[in-house]
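Biologist: I would like a close look at one part of this protein, the nonpolar core, and how it sits in the chain as a whole. Please go through it in order and give the cut-offs as you use them.

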Amino acid sequence: MRFLIIRKADKNTEAGVMPGDDLISAMGSYNQELANAGAMLDGTGLKPSDKGARIKFSGGKPTVFDGPFAETKELIAGYTMIQAKSKEEAIEWACRWPALDGDGEVELEIRQLYELEDFAPSEGLEQHKALQAQLSAKPPQVNTYLFFNGQCKEAFEYYAQVLGGKIEYSVTFAECPDPTQNPPGWEDKIMHICMTVGDRRLMASDTPPGHFEEPKGFFVQLDMDTPEEADRLFNALLEGGQVRMPLQQTFWAQRFGMLVDRFGTPWMINCNQPV
């Protein structure tokens, strides 16, 4: 079951008074406790009603009224969406709300959300189910796999440092249980390595001579948040490498450049954010 814990507005929230560090920390601990229990689904605070609007329909025609709104006690200052087994469990979570909020004078309201299973079967319900499945579907994760001629370990240690990544695991040829996959002289080389960079994976291996041809004609693109970060990363990866296209402003990006690093890996650095 899903429930909303609704935090009612008061004169401070409507005046835009921001919470202090102590309350921010207390709410963070509360939300972390919810998350650790697998109960936290969503939650945020709302800006004062003078930043919002109401739309009233009459005869099917909308009329817009800008805030603020006078009925402070009827307004919402924020909400936390949780998952609970019962209303009683939801109430128990709400009773743990940080006492620092509103100097201990806070009003909460608990409302259970409708689930699709609550409605009688119909053609319209099937449409809603299809939409819900569409919204919850995740696209396949695209990962990049690199091949090295004996420099895989050194390259990934360097990439972890430059990209801020974390090497999750690494297997050498000597650790492979299949001896036919252990080419002579390559025992200490990497058969498979995986590094996470944010929510993405970068994987690689050393390719012994004669196993298969080295892949050609590929680039690894990195999309950066700021021009400064694009500049830093381009220069870091360029150490000992070669420029294919200088990092510069183009008609499609604020920063775009291409290089091949000292390990032979080609990179495209891209940033579409304003300078």
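Modeller: What follows starts with the core, then turns to single residues and ends with the whole chain.

This is a predicted model, in which local features need pLDDT of at least 70 and side-chain atom pairs count only at pLDDT 80 or more, while totals for chains, interfaces and linings use all residues. Residues are numbered from 1 along each chain as its sequence is written, and side-chain values use heavy atoms, with hydrogens and water left out.

The largest nonpolar core has 28 residues. A nonpolar core here is a set of buried Ala, Val, Leu, Ile, Met, Phe, Trp, Tyr and Cys residues joined through side-chain atoms within 4.5 Å. Buried means under 20% relative accessible area, exposed means over 50%, and partly exposed is in between, with a 1.4 Å probe and protein chains only. Phe 148, Phe 156, Tyr 159, Leu 237, Trp 267 and Ile 269 have the most contacts inside this core. At least two core residues come from each of strand S7 (144-148), helix H5 (152-163), strands S9 (190-197), S10 (200-206) and S11 (220-223), helix H6 (227-238) and strand S14 (266-271). H5 gives the most, with 8 residues. Helices (H or I, at least four residues) and strands (E, at least two) are DSSP runs, numbered from the N terminus.

Tyr 159 shows what one of these residues meets. Leaving out residues up to four places away in sequence, Tyr 159 touches Leu 146, Phe 148, Gly 164, Met 195, Leu 202, Leu 237, Asp 261, Phe 263, Thr 265 and Trp 267. Contact means heavy atoms within 4.5 Å. Another core, of 13 residues, lies apart from the 28-residue one, and Leu 23, Ile 82, Ala 90 and Trp 97 are among its members.

Leu 233 is in helix H6. Leu 233 counts as buried because its relative accessibility is 2%. With residues up to four places away not counted, Leu 233 touches Val 162, Leu 163, Leu 222, Met 224 and Ile 269. Leu 222 is 11 residues from Leu 233 along the chain, and their C-alpha atoms are separated by 9.3 Å.

For contrast, consider some residues with more open surroundings by the cut-offs above. Asp 42, in strand S2 (residues 40-45), has a relative accessible area of 34% and is therefore partly exposed. Beyond its neighbours within four places in sequence, Asp 42 is in contact with Tyr 79, Thr 80 and Met 81. Asp 103 is in the loop between helix H3 (87-94) and strand S6 (108-112). Asp 103 has a relative accessible area of 72%, so it is exposed. Although not a glycine, Asp 103 has a positive phi of about 55°.

Another loop, between strand S4 (61-66) and strand S5 (76-83), holds Pro 68. The peptide bond from Gly 67 to Pro 68 is cis, with omega near 10°.

Now the whole chain. The protein chain has 6 helices and 14 strands, and buried residues make up 32% of its 275 residues. Of the contacts between residues at least 6 apart in sequence, 61% join residues at least 24 apart. The C-alpha atoms fill a box of roughly 75 × 50 × 45 Å along the principal axes.
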